[in-house]
Amino acid sequence: YVGDIYTIAEDGEKIYIGKDLPDEYAHSNYSAKLRGNLAKTKANAAQAIPEMIEISSNGIYSANEEKKHKLEARYGWYRYDSRFALPVYKESGEVEGYNVFKVIMVVRHAQDGKLYLYDLVNIKKETSNLFQS
């Protein structure tokens with residue numbers, strides 16, 4: 001997705017996918033703490049990034065307070081709520097339903113004035129119920 005641009009339906013903001021996303025996505029502090037199914041869930045969530053951006057909502061701004069992000073997030077950070085679903089398969093290989101997850105998308109407001117997707121954090125399974133297809 002590097003180089004692609006997606007628009008949030010709710011507020012019309014354009015979110016860019018920068019060349020730093022793959023490294024941050026895979027090696028962030030949040031990713032390093034993930035184990036087992038959540039680590040696999042985050043890895044599989046990458047397939048749904050365009051849709052997650054488009055359906056994201058509730059953008060909340062916070063100022064940049066870390067020197068290490070002085071340039072890359074010069075104008076601060078936004079956190080958007082989003083969600084994604086991953087299929088659950090029967091032994092026969094057929095899709096039985098979907099597990100739905102909530103996620104926070106971290107977006108940086110860069111020195112060039114653009115918004116860039118930075119990472120996905122706080123991944124939580126939405127319910128114990130399986131969404132049936």
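Strands here are DSSP runs of E at least two residues long, numbered from the N terminus. With that in hand, Gly 93 is easy to place: look in the loop between strand 4 and strand 5 (95–109). Keep in mind that this is a predicted model. The protein chain has four helices and seven strands, and its largest pocket holds about 430 Å³ of space.

**Overall fold**
- Going along the sequence, the protein chain runs β-β-α-α-α-α-β-β-β-β-β.
- Its C-alpha atoms fit a box of roughly 50 × 30 × 25 Å along the principal axes.
- The radius of gyration comes out at 16 Å, which agrees with the value near 14 Å for a compact globule of 133 residues.
- Of the 133 residues in the protein chain, 38% are buried.

**The loop glycine**
- Gly 93 counts as partly exposed, because its relative accessibility is 47% and the partly exposed class runs between 20% and 50%.
- Gly 93 and Lys 67 sit 26 residues apart in sequence, yet their C-alpha atoms are 49 Å apart in space.

**The largest pocket**
- There are 18 residues in the lining of the largest pocket, and Glu 66, His 69, Trp 77, Arg 79 and Tyr 118 are the ones nearest its centre.
- Helix 1 (21–27), helix 2 (29–33), strand 4 (77–89) and strand 6 (115–125) each put at least two residues into this lining.
- Strand 6 has the largest share of the lining, with three residues.
- Sorted by class, the lining splits into six nonpolar, six polar and six charged residues.

**Aromatic rings**
- You'll find six aromatic pairs in the structure.
- One of them joins Tyr 1 and Tyr 6 edge-to-face, at 6.4 Å centre to centre and with 75 degrees between the planes.
- That pair gets its edge-to-face label because the angle between the planes, 75 degrees, is over the 60-degree cut-off.
- The two partners differ in accessibility class: Tyr 1 is partly exposed at 41% relative accessibility, whereas Tyr 6 is buried, with a relative accessible area of 13%.
- Tyr 6 makes the buried class because its 13% is under the 20% limit.
- Ring pairs also tie Tyr 61, Tyr 78 and Tyr 80 into a cluster.

**A charge over a ring**
- Lys 42 has its charged end over the ring of Tyr 25, 4.8 Å from the ring centre.

Notes
Residues numbered from 1 in each chain as written. Predicted model: local features only at pLDDT ≥ 70, side-chain atom pairs only at ≥ 80, totals over all residues. Heavy atoms only, no water. 1 Å grid on protein atoms, 1.4 Å probe; cavity = no way out; pocket = protein on both sides within 12 Å on 5 of 7 lines; lining within 4 Å. Points joined across faces, edges and corners; volume = space filled by probe spheres on them. Nonpolar A, V, L, I, M, F, W, Y, C, P; charged D, E, K, R; others polar. Phe/Tyr/Trp six-rings, centres within 6.5 Å; stacked < 30°, edge-to-face > 60°. Buried < 20%, exposed > 50% of the residue type's maximum accessible area, 1.4 Å probe, protein only. Lys NZ or Arg CZ within 6 Å of the ring centre and 35° of its normal. Rg over C-alpha atoms; globule rule 2.2 N^0.38 Å.
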